[in-house]
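The following paragraphs explain how parts of a protein model are arranged. Please keep the sequence and the structure in view while reading.

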Amino acid sequence: MFGKRTDDGRKPPGNIPAGQPGGVPAALAAPPSAIPDLPLPGSGFGTQSARPADGGQGAVAAAEAKRAEPRASSRKSENYYDIKSTIFNALIDAIDLTQLGQLDRDAARDEIRDIVNEIITLKDVVMSIAEQEELLEDICNDVLGYGPLEPLLARDDIADIMVNGAGTTFIEVAGKMQKTGVRFRDNAQLLNICQRIVSQIGRRVDEASPICDARLMDGSRVNVIVPPLAIDGPTLTIRKFKKDRLKLPDLVRFSSITPEGATILEIIGRVRCNVLISGGTGSGKTTLLNCLTGYIDHDERVITCEDAAELQLQQPHVVRLETRPPNLEGEGEITMRDLVKNCLRMRPERIIVGEVRGPEAFDLLQAMNTGHDGSMGTLHANSPREAISRLESMITMGGFSLPSKTIKEMICGSIDVIVQAARLRDGSRRITHITEVVGMEGDVIITQDLFVYEIVGEDANGKIIGRHRSTGIARPHFWDRARYYNEERRLAEALEKAEQRNDGE
Ligand SMILES: Nc1ncnc2c1ncn2[C@@H]1O[C@H](COP(=O)(O)OP(=O)(O)OP(=O)(O)O)[C@@H](O)[C@H]1O
Ligand SMILES: [Mg+2]
């Protein structure tokens, strides 16, 4: 329609409710000597009352982190672990685990409390009330949840939890990595917790299959890798699910983007530009994708394809698809490419691919080119130019024997805008480029930046000082699209204001 491809402008019939997450509960695999073999409560740990309100990012998150930190980092003595281990073993002997498993979390906790108090009296353990409470909390977490991870999972200001073997746990709060005092009794306990997590999606981790991706009940994304591949013990990485997802105004508040830049992103999302979001690990790609999808009209049929469902689309007509790894026999794998190809038979209006990392790049570009305008995906790259060459190599390596020029033409004819996200060395996240793919000159794809983030320096506290600059383009390539969707005025205003901001600085 706008010179690049066709748009059949179809609209879907009726409303189909959003898909449900497909966690498959399965028998848990903890050997009785470590953590008892109990089913996890359906509500998961997300129901903990200790969960603080979402502190957002930046200053608020930092303040929250400070408040919550002492608990996470309080180092417990060896003596504490010895006492806990004695009481824990006595508890396991005393309770009927099957019956406990049938109680709801509060009732189970009361039951455990009574028995633990009795054991403490019987064994003559000297403890203050506060210590007893802490011990009880720890034991309940071990029996009913994810053990020492529970207090971290209950915090909403943490972005990532990284467990490197039983003794070391790091967290990322407000863009900064911190070491915590959280530790596991031993690697066996940690492995058991990993086992519990992956068993919820019907998988196991062991020597035979030492790598596994999973999702917690609350939607957090988990990766587990265990020995012999992980040399120092089971290694667990959790990208915490944000209950209150960040929206574009939040990104403006954190100075990740200017208000004008945000308006332009909003328009890009609304007017069905095909968008590639590029960035490094943890730079905020998924968050940005989530933000952009917020501007999709409610009557559009959207299909999302992800490795572990993270996106939180608010539209009524969304179908969520997830890839599947092969089973123990190495069969049954459903790849991202399978999903994207299948998508095309599901009458999508927009296709959203959580992360493009392989030959599905080809199918996504095809889809973008054939009437599924407004499709989006993320990709790991450090600049918009690198994103283009990554796309090219994904297609080449996917075994499509196409000449380089054809692949470039395909990219050029499909992608409208590349948005680059970055996590700077001070931990802040910025949108560093809004770049348009404008055409080809000979064998080279031509791009033009609308916005760039320039680093100016660093203040005394190591905080990076920088500014977003408009490049002064008054008529972006997607102008006609904006006009078609009646967003032309808003676009012109935002571009003008952005230029004035340049002059004002
Ligand atoms: N602009 C931002 N300002 C502050 N925090 C942000 C911003 N964008 C994202 N975050 C936070 O950073 C963390 C990582 O974000 P996100 O999951 O979007 O990154 P990603 O690039 O998709 O990571 P991955 O490469 O692991 O998929 C999340 O906790 C998110 O809430
Ligand atoms: Mg992501």
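Two residues are in contact if their C-beta atoms, placed from the backbone, lie within 7 Å. With this definition in hand, one may turn to the model, which is a predicted one, and begin with a helix.

Helix α11 spans residues 336-343, and its buried residues are Met336, Leu339, Val340 and Cys343. These residues lie on the same side of α11, because they cover an arc of only 95 degrees around the axis. A general rule helps here: an α-helix has 3.6 residues a turn, so residues three or four places apart point the same way. Against which elements do the buried residues of α11 pack? Their partners are the strands β8 (302-306), β9 (318-322) and β10 (350-353), together with α12 (360-369).

The next element to consider is strand β12, residues 417-423. Six of its seven residues are buried, and the strand is thus described as mostly covered. Strand β7 (residues 275-279) runs parallel to β12 and is joined to it by five bridges; in this pairing, Gly279 stands opposite Ala421 of β12. With strand β13 (residues 429-441), β12 pairs in the antiparallel sense over seven bridges, and Gln420 stands opposite His433 in β13. The strands β12 and β13 form a hairpin with five residues between them. In its turn, Gly427 has a positive phi of about 95 degrees.

Finally, the surroundings of ligand 1 deserve attention. Of the 17 residues around ligand 1, those that come nearest are Ala159, Ser256, Gly284, Thr286 and Thr287. Helix α10 (residues 285-293) contributes the largest share of this shell, three residues. By character, the shell divides into four nonpolar, nine polar and four charged residues.

Terms used. Residues numbered from 1 in each chain as written. Chains lettered and ligands numbered in written order. Predicted model: local features only at pLDDT ≥ 70, side-chain atom pairs only at ≥ 80, totals over all residues. Near = placed C-beta within 6 Å. Helix = DSSP H or I, 4+ residues; strand = E, 2+ residues; numbered from the N terminus. Nonpolar A, V, L, I, M, F, W, Y, C, P; charged D, E, K, R; others polar. Buried ≥ 20, exposed ≤ 12 C-beta atoms within 10 Å, placed from the backbone. Arc of directions from axis to C-beta. Pairing = 2+ DSSP bridges.
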